[in-house]
Every structure is written in structure tokens, then in C-alpha cells.
Amino acid sequence: MDSVNRSAVTPSKSKLARTFAKVLHIRSLTGGNQKPKFSEHVKDDVVKKDLVKSELLKKTQFKSFDDEDEKHQKAAADAFLAKLFANISAVKAAYAQLQFAQSPYDPDGIQSADDLVVAELKNLSELKQCFVKKQFDEYSPEKTHLLAEIQEQKSILKTYDIMGKKLDSQLKLKESELMFLREKLVEANQENKLLEKRLNASGPVSPLDNLHFSSLNPIHFIMFHRQTIRSIRSFVRLLSKELVDAGWKLDAAASSIEPGIEFSKANDICYAFESFVSREMFDGFNYPTFSISTEPLPEQKKRQKLFYDRFTELRSMKPADYFAWKPKSTFSRFCRAKYLKLIHPKMEDSIFGNLDQRNILNSGEYPESTFFSAYSDMAKRIWLLHCLAFSFDPIASIFQLSKGNRFSDVYMESLNEEAFISWDGSPETEPRVGFTVVPGFKIGKTVIQCQVYLC
């Protein structure tokens, strides 16, 4: 029974042994230490991923290095430009110092400023060479930029300081010139007063004593026109003094005569009174608006000779003597009518406390007061100027400008030169007429300027 059981078990064990031996034989043939192919593929993928990561890391690092280098170069370029502008400002400051040393002349200051200009130009040349060779400050561009800006501001402040000193010097020079001109003006006014006294004391108009009708020319009219203006101003001064003594406010009176005018000087209000007097005295003469006459030539000559005879008849006489000689003459009627129109009853009453002079004139007589004597002397010169104007061939024409007209130095003479300077000190290009003080005349091609007050 035991033999039967062994024979049954033995074949199964031997079969297992053979199978195990077969497996060992196969491993010996394929290499017992070889790993599976699946593990090899996994290892290759891991290696590849590590290489990619390494390359990406290197590229990122290179890019960051490039960005930092670019920013550094830009900062260096900005610092260079700041140094350039600072150097240019230093050159300007040095040149301003050189100009300031030339006036007034300062040889030491000129030499010092010249050396400074040369030094700054050398610095500018060195900056040019650095730019050509690309030699920028790459160590501390931010610090260089800040220092350059500080230097530029210092140079600008130095330039402004020099300009301020130069303006102060010019101001002192202008003040000295103004003081000198004021002294000259005082001397000129004193001389004018002396000449005016001599002229008033001389009586008849001496420059025209030897005048003849055949030799009449515009120069004679210009001379007499100037004397007439002086006579008007002399009477206006007397009238203004009487009004002030009577308690009048001249500025208010001037504003009523020429409304809307701002006088640049307090004394300029006298021009408003001169305008009022000349406007009233020259009104009604009926001067021609043009010089062409339609009268026959003999009639023209006869009329011109008539006015010239009136001129010569009156010019050698005092008004009071002429009134006594010809109380009803054209000149006498002219004086009476113009006085009654020029001197208002309220004005006369406030000046003299009565209306005696007006009453005397209305009665056909002529007052003998100092005030009427000054008035009649002015009226005489205006009447003689009128007669002289009608003695010319062609007849002199009168003109005056209205408010707002543009100034023309051909036809006008300004009485306030400050109107040519605007409020900010710059020249006024188109000053305008405020009012006409004394009218102008035109004889043929000769223009006698009217006097105007500009606004």
C-alpha cells in the first residue's frame, strides 16, 4: 500500500521540478539581472522633464538679467542728459555774468567770467566725447542724475540773480536820467515864462511887423498860430485861478467839459479848459471844407486882400483902443458875442460877485477890467489868425479830431506823451484821441498839426 502511494505522489513532484527548472533556464537565457521595459520608459520621461525644466530656468534667468541691464542703461542715459542740461545752464550763467561785467566796465570781472565760460565749454566738450565713446556713468546713475539736477538749479538761480542785478542797475540809470530831465524841464519852464513875459510886454506882434501881402506864406501862419495858442493858455491859466479862488472844483468842471476822460496827471485838466475855450472861440468862422474855390480869380484876390487889410489894421493896435475907435466893427461884435457865450452868467457871478461886465457889454460898452483885457487879447489873436487864414490862396482849412480817432503824427501833436506807453510798460501801438485841445489847419500841402489829448 505504501508503494502504491509513493508512485502516485512522485510524478506530481517531478513535474513541479521540471517546471521550475524551465523557468530558471529561461531567466539564464534572457539575463537574470535585466529590469522590465516599462521601468526604462518611465526613467526616460523623468530625465527629459528635468532637462526641460533646467532650460526654462536658464532662459528666465537670462531674461531677468537683460531687463535689469536695459534699465541700468536707461538710467545711465538719463543721468548723462541731466549732466548735459546742467552744463548748458552753467554756460548760460557764466555768459550772463560776462555780460553783466561789461556794463559798467569791470576788467577783473570780465576776466573771471571769461575763464568760467571757457571752463564750462571744456566740460561740455568732454561730455560730447563721452557720448561718442558711449562712456556713461554705470555705477551710480541715480546719484549722478540727482547731483546734475541740483547743479542745474544752482546755475538757473545764479542767472536770475545776475539778471536782477542788471535790472537794478538799469533802474538806477533810468532814475538818474529822469532826474536830469526833470531839472531840464524846470529850466525850460522858467525860460518859457521869461519869454512869455517879454512877449506879453512887447504889445504888438513883432515877428510879423514887416509882413506884406505879396510875401505871405504858410510859415507866417505857423508863427501866428503858435502865438495864438500861447495866448489861449495864458487866458486859461487866469480863468482857472479865478475859478479856484471862487471855490470851484476844477476836476469836476473838467469832467463835465470832457466826460469819460481819465487825466494821467493832475495838471492835465487845464487841457480840458483849453479845449472848451478854443472850441467856443473858433466856432462859427465857416472855414471851407476844401481848398478849391469856384470864384473868379479877380474876386478871390479881392476877398483875400480884404481879409489881409483887416489883419494889418488890427495887429498894431491894442484891443481897448480898437474898441474905442470902432465899437461896432466886426471884431468888436465878435469879442462881445464870444464873451457872452464863453463866460456863463453863473461863472461870472461866482468870480466877481456880480454881472457888471456882462451888463456893460450888453449896453454897447466894453469893460476895462484885467480879466476882460486878458480875454480881449486872446480874442484879438484868434480873430487875426482867422483873417490871416482867409488871406491865403488857397484858403486855409480848419480841422479837429473826434474822440476815438486813431493818432496820426502827420495831423496831430500829442500833449501827453505817456499815452504812448501801455499799463505794462510796453509801447502803445494805437493810441486814441480823447479830445482836440486846439484845432489844426491845412494850407495847400502844408499841415499845421492840431493839438490833441490822447486816452
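Start by selecting Glu280: this residue is buried, at 15% relative accessibility. Keep in mind as you click around that this is a predicted model.

Now add Lys341. Its salt bridge with Glu280 has the closest N and O atoms 3.6 Å apart. Lys341 sits in helix 10 (residues 330–342) and Glu280 in helix 7, so this contact ties together parts that are 61 residues apart in sequence. Unlike its buried partner, Lys341 is partly exposed, with a relative accessible area of 46%. Bring in Asp283 too, and you have a salt-bridge network of Glu280, Asp283 and Lys341.

Stay on helix 7 (residues 269–282) and pick Glu274. Glu274 pairs with Arg233, and here the closest N and O atoms are 2.9 Å apart. Arg233 belongs to helix 5 (residues 218–245), so the bridge joins parts 41 residues apart in sequence. Glu274 is buried at 4% relative accessibility, while Arg233 is partly exposed at 22%.

Next stop: Arg358 and Glu348, a salt bridge with its closest N and O atoms 3.5 Å apart. Arg358 lies in helix 12 (residues 356–362) and Glu348 in helix 11 (residues 345–352), so the pair links parts that are ten residues apart in sequence. Both ends count as buried: Arg358 has 11% relative accessibility and Glu348 has 0%. If you'd like to keep hunting, the structure holds eleven salt bridges.

For a change of scenery, select Leu81, Phe85 and Ile88, which make a nonpolar surface patch of about 260 Å². Leu81 is in helix 2 (residues 37–102) and is partly exposed, at 41% relative accessibility.

How values were computed:
Residues are numbered from 1 along each chain as its sequence is written. This is a predicted model: local features need pLDDT of at least 70, side-chain atom pairs count only at pLDDT 80 or more; totals for chains, interfaces and linings use all residues. Side-chain values use heavy atoms; hydrogens and water are left out. Patches are made of residues with over 30% relative accessible area and no salt bridge: like charges are joined within 9 Å, nonpolar side chains (Val, Leu, Ile, Met, Phe, Trp, Tyr) within 5 Å. Accessible areas come from the Shrake-Rupley method with a 1.4 Å probe; for residues, only the protein chains shown count as cover. A salt bridge is a side-chain nitrogen of Lys or Arg within 4 Å of a carboxyl oxygen of Asp or Glu. Helices (H or I, at least four residues) and strands (E, at least two) are DSSP runs, numbered from the N terminus. Buried means under 20% relative accessible area, exposed over 50%, partly exposed in between (1.4 Å probe, protein chains only).
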